[in-house]
Amino acid sequence: MILPSQTLLQPADRLIVGLDVSDRRSAESIVAELGDTVRVYKVGYQLGYAGGLDFVGELVRAGKRVFLDLKLHDIGNIVEKGIAGIAGLGVAMTTVHATPQVMRAAARGAEGSGLLVLAVTVLTSLSEDDLREMGHTETAAALVERRTRQAMEAGIGGIVASAAEAAAVRAIVGPDRAVVTPGIRPAGSAAGDQTRVMTPREAIAAGASHLVVGRPILDAPDRLAAARAILAEMA
Ligand SMILES: O=c1ccn([C@@H]2O[C@H](COP(=O)(O)O)[C@@H](O)[C@H]2O)c(=O)[nH]1
């Protein structure tokens with residue numbers, strides 16, 4: 001699936017709030033608190049495996065766009081069928097890890113469904129030291145670029161990378177593919193376990209189509225104000 005050029009999207013269509021909470025009631029209260037200001041939510045393992053898959057359907061019925069971030073990584077047969085199942089949930093986006101076999105299977109599973117499959121290139125929590133520890137000899141930037149090229153060859157719709165690599169990714173994928181960047185930190189907010197971070201303004205300038213934000217909004221004393229401040233920075 002190809003998106004309209006990112007310049008045509010409103011900031012509210014480009015901000016994805018990660019519902020990283022461990023129960024449905026907390027998720028419902030965050031969605032109520034953020035109201036019409038937030039249009040796109042991400043549900044990952046934390047909520048998904050705590051009753052959140054039913055909640056996904058509720059979000060879809062309430063008119064929200066949902067990014068089901070399950071980061072699939074399995075043999076091709078299972079990935080293909082898993083993605084076909086996710087396509088039936090009515091979510092807009094999902095993720096697989098960026099290994100060629102997995103990505104080719106995911107592209108087959110999503111064919112004709114309208115589901116946007118994103119390839120997670122190098123997790124934004126990983127540093128150069130972490131990559132060395134995993135046995136990689138390439139830098140994060142080189143690995144992201146190589147995996148982005150492989151994702152395009154596999155027929156994947158978009159890329160997840162840190163904003164630090166967004167410009168290089170954008171140069172490879174062209175203007176209309178999704179470049180989704182977690183690891184977003186407004187100035188002064190704690191990085192936590194993220195290592196490759198950028199501010200919302202920097203991420204947009206680097207060519208990100210979508211920004212994923214969790215803790216800077218979830219942990220804010222006034223979540224609505226935090227979301228509005230990020231949207232203002234993205235405009
Ligand atoms: O490389 C990746 C891929 C996904 N994520 C997800 O984004 C959010 C980030 O949350 P913060 O609290 O803003 O750090 C989280 O749901 C991750 O699963 C990522 O961080 N990096």
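Me: Before we look at anything, how do I tell whether a residue is buried, exposed or partly exposed?

Reply: Count neighbours: a residue is buried if 20 or more other C-beta atoms lie within 10 Å of its own, exposed if 12 or fewer, and partly exposed in between. Keep in mind that this is a predicted model. Now try Lys 71: it has 17 C-beta neighbours inside 10 Å, so it counts as partly exposed.

Me: OK, and where is Lys 71 found?

Reply: Look in strand β3, residues 65–72. Leaving out residues up to four places away in sequence, Lys 71 touches Thr 95, Val 96, His 97 and Val 120.

Me: Which residues does UniProt list for "active site"?

Reply: The unreviewed entry in UniProt gives Asp 69, Lys 71 and Asp 74 under that label. Asp 74 sits in the loop between β3 and α4 (76–87). Run the same kind of count for Asp 74 and you get 15 C-beta neighbours inside 10 Å, so Asp 74 is partly exposed.

Me: Now helices. Which way do residues three or four places apart point in an α-helix?

Reply: An α-helix has 3.6 residues a turn, so residues with that spacing point the same way. Take α7, residues 140–154, as our case. Its buried residues are Ala 140, Val 144, Arg 147, Thr 148, Ala 151 and Ala 154. They span an arc of only 125 degrees around the axis, which means they are on the same side of α7.

Me: What do the buried residues of α7 pack against?

Reply: Their partners are the helices α5 (100–110), α6 (128–133) and α8 (166–173), plus the strands β5 (116–120) and β6 (158–160).

Me: How far does α7 reach from its first C-alpha to its last?

Reply: With 15 residues, α7 reaches 21 Å, close to the 21 Å expected at 1.5 Å a residue. Right after α7 comes Gly 155, which has a positive phi, near 85 degrees.

Me: On to the ligand. Which residues come nearest?

Reply: There are 18 residues around the ligand, and the nearest are Gly 18, Thr 124, Pro 182, Gly 214 and Arg 215. You can also sort the shell by class: seven nonpolar, seven polar and four charged residues. Both β8 (210–213) and α10 (215–218) supply at least two residues of that shell.

Me: Last one: which residues does UniProt list for the domain?

Reply: The unreviewed entry lists residues 14–230 as "domain: Orotidine 5'-phosphate decarboxylase". In the model, that span is 46% helix and 17% strand, and its end C-alpha atoms lie 11 Å apart.

Terms used. Residues are numbered from 1 along each chain as its sequence is written. This is a predicted model: local features need pLDDT of at least 70, side-chain atom pairs count only at pLDDT 80 or more; totals for chains, interfaces and linings use all residues. UniProt positions are given in the numbering used here, feature names are shortened, and annotations may be inferred rather than shown by experiment. Helices (H or I, at least four residues) and strands (E, at least two) are DSSP runs, numbered from the N terminus. The expected span of a helix is 1.5 Å times one less than its number of residues. The arc is that of the directions from the helix axis to the C-beta atoms. Two residues are in contact if their C-beta atoms, placed from the backbone, lie within 7 Å. A residue is near a molecule or strand if its C-beta atom, placed from the backbone, lies within 6 Å of it. Ala, Val, Leu, Ile, Met, Phe, Trp, Tyr, Cys and Pro count as nonpolar, Asp, Glu, Lys and Arg as charged, and the others, Gly among them, as polar.
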